[in-house]
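Colleague: I have a new model open and would like to learn how to read it. Can you take me through it feature by feature?

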Amino acid sequence: MNLIKQLFSRHREAEKTSAAGINWPGQSGKEYQFQVFPLEASFKALPGVYVYAGQAEDGSWVPIYIAQTRDLHQRLEGHVRMDDAVANGATHLHAHYCTEGQAARCSEEHDLILRWQPVCNEPVET
């Protein structure tokens, strides 16, 4: 079994997808609404949270890398993690703007990483 199949098989709980986007649940049970974009998408210079993701054979999304930033435009333009994420199966970018402050973005990022343990993120403990 290759690495991608192993990663995808770890995430059996499918996320809810709608025309408006995708809900990523965190470890806390809270769900965060994201929009799905191609990897080449550009963003306004606003704070946000993003997920590099790939799709499993059953159509569910698998997070490869999760992060927050104070500037989605700048962060994504020069971010080396994209190369790592693509090498590990990322095909899309899920993102949303979050102007509630750095503490809220960091809390969301931590909650999502705890739940999903993406392959390109450092392991996080509770």
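Modeller: We will go from the overall fold to cores, then to a helix, the cysteines and some single residues. Keep in mind that this is a predicted model.

Colleague: Start with the fold. How many helices and strands are there?

Modeller: The chain has four helices and six strands. Along the sequence they follow the pattern α-β-β-β-β-β-α-α-β-α.

Colleague: What share of the residues is buried?

Modeller: Of the 126 residues in the chain, 45% are buried. The accessible surface is about 7000 Å². Carbon and sulfur atoms hold 48% of that surface.

Colleague: And which part of the contacts links residues 24 or more positions apart?

Modeller: Take the contacts with a separation of 6 or more. Residues 24 or more positions apart account for 67% of them.

Colleague: Now the cores. What is the general idea?

Modeller: In soluble globular proteins, nonpolar side chains tend to be buried together. Here the largest nonpolar core has 15 residues. The members that touch the most others are Tyr50, Tyr52, Ile64, Tyr65, Ala85 and Leu93.

Colleague: Which elements give two or more residues to this core?

Modeller: Strands S4 (48–55), S5 (61–69) and S6 (92–97) do. S5 gives the most, with four residues. Apart from this core lies another, of 12 residues. Tyr32, Ala53, Trp61 and Leu112 are among its members.

Colleague: Let me look along S5. Is Ile66 buried or exposed?

Modeller: Ile66, in strand S5, is buried, because its relative accessibility is 1% and the cut-off is under 20%. Setting aside neighbours within four places in sequence, Ile66 contacts Tyr50, Val51, Glu109, Leu112, Ile113, Trp116, Pro118 and Asn121.

Colleague: How far is Ile66 from Val119, in sequence and in space?

Modeller: They are 53 residues apart in sequence. From C-alpha to C-alpha, the distance is 9.6 Å.

Colleague: What about Thr69 in that strand?

Modeller: Thr69 also counts as buried, at 8% relative accessibility. A polar atom of the Thr69 side chain lies 3.1 Å from the backbone nitrogen of Asp71. Beyond four places in sequence, Thr69 touches Pro47, Gly48, Tyr50, Arg75 and Arg105.

Colleague: Next, a helix. How do I check the length of H4?

Modeller: Compare its span with the value expected at 1.5 Å a residue. H4 covers residues 102–116, which is 15 residues. From first C-alpha to last, H4 reaches 21 Å, close to the expected 21 Å.

Colleague: Which residues of H4 are buried?

Modeller: The buried ones are Arg105, Glu108, Glu109, Asp111, Leu112, Ile113, Leu114 and Trp116. Note that charged residues such as Arg105 and Glu108 are in that list.

Colleague: What follows H4?

Modeller: Gln117 does, with a positive phi near 45 degrees. That is so although Gln117 is not a glycine. Gln117 is partly exposed, with a relative accessible area of 28%.

Colleague: Now the cysteines. What is a disulfide, and how many are there here?

Modeller: A disulfide is a covalent bond between the sulfur atoms of two cysteines. In this model the count is zero.

Colleague: Why does Cys106 not form one?

Modeller: The closest cysteine sulfur, in Cys98, is 9.7 Å from the sulfur of Cys106, so the gap is too far for a bond. The cut-off for counting a pair is within 2.5 Å. Cys106 is partly exposed, at 29% relative accessible area. Cys120 counts as buried, at 6%.

Colleague: Loops next. Where is Ser60, and is Ser60 buried or exposed?

Modeller: Ser60 sits in the loop between S4 and S5. Ser60 is buried, with a relative accessible area of 6%. The Ser60 side chain makes a polar contact with the side chain of Asp58, at 2.7 Å.

Colleague: One more strand residue, please. What can you say about Ile22?

Modeller: Ile22 belongs to strand S2, residues 21–25. At 0% relative accessibility, Ile22 counts as buried. Val36 is 14 residues from Ile22 along the chain, and their C-alpha atoms are 7.2 Å apart.

Key
Residues are numbered from 1 along each chain as its sequence is written. This is a predicted model: local features need pLDDT of at least 70, side-chain atom pairs count only at pLDDT 80 or more; totals for chains, interfaces and linings use all residues. Side-chain values use heavy atoms; hydrogens and water are left out. A nonpolar core is a set of buried Ala, Val, Leu, Ile, Met, Phe, Trp, Tyr and Cys residues joined through side-chain atoms within 4.5 Å. Buried means under 20% relative accessible area, exposed over 50%, partly exposed in between (1.4 Å probe, protein chains only). The expected span of a helix is 1.5 Å times one less than its number of residues. A polar contact is a pair of N or O atoms within 3.5 Å; within protein, one must be able to donate a hydrogen and the other to accept it, and residues adjacent in sequence count only if both atoms are side-chain atoms. Contact means heavy atoms within 4.5 Å. Accessible areas come from the Shrake-Rupley method with a 1.4 Å probe; for residues, only the protein chains shown count as cover.
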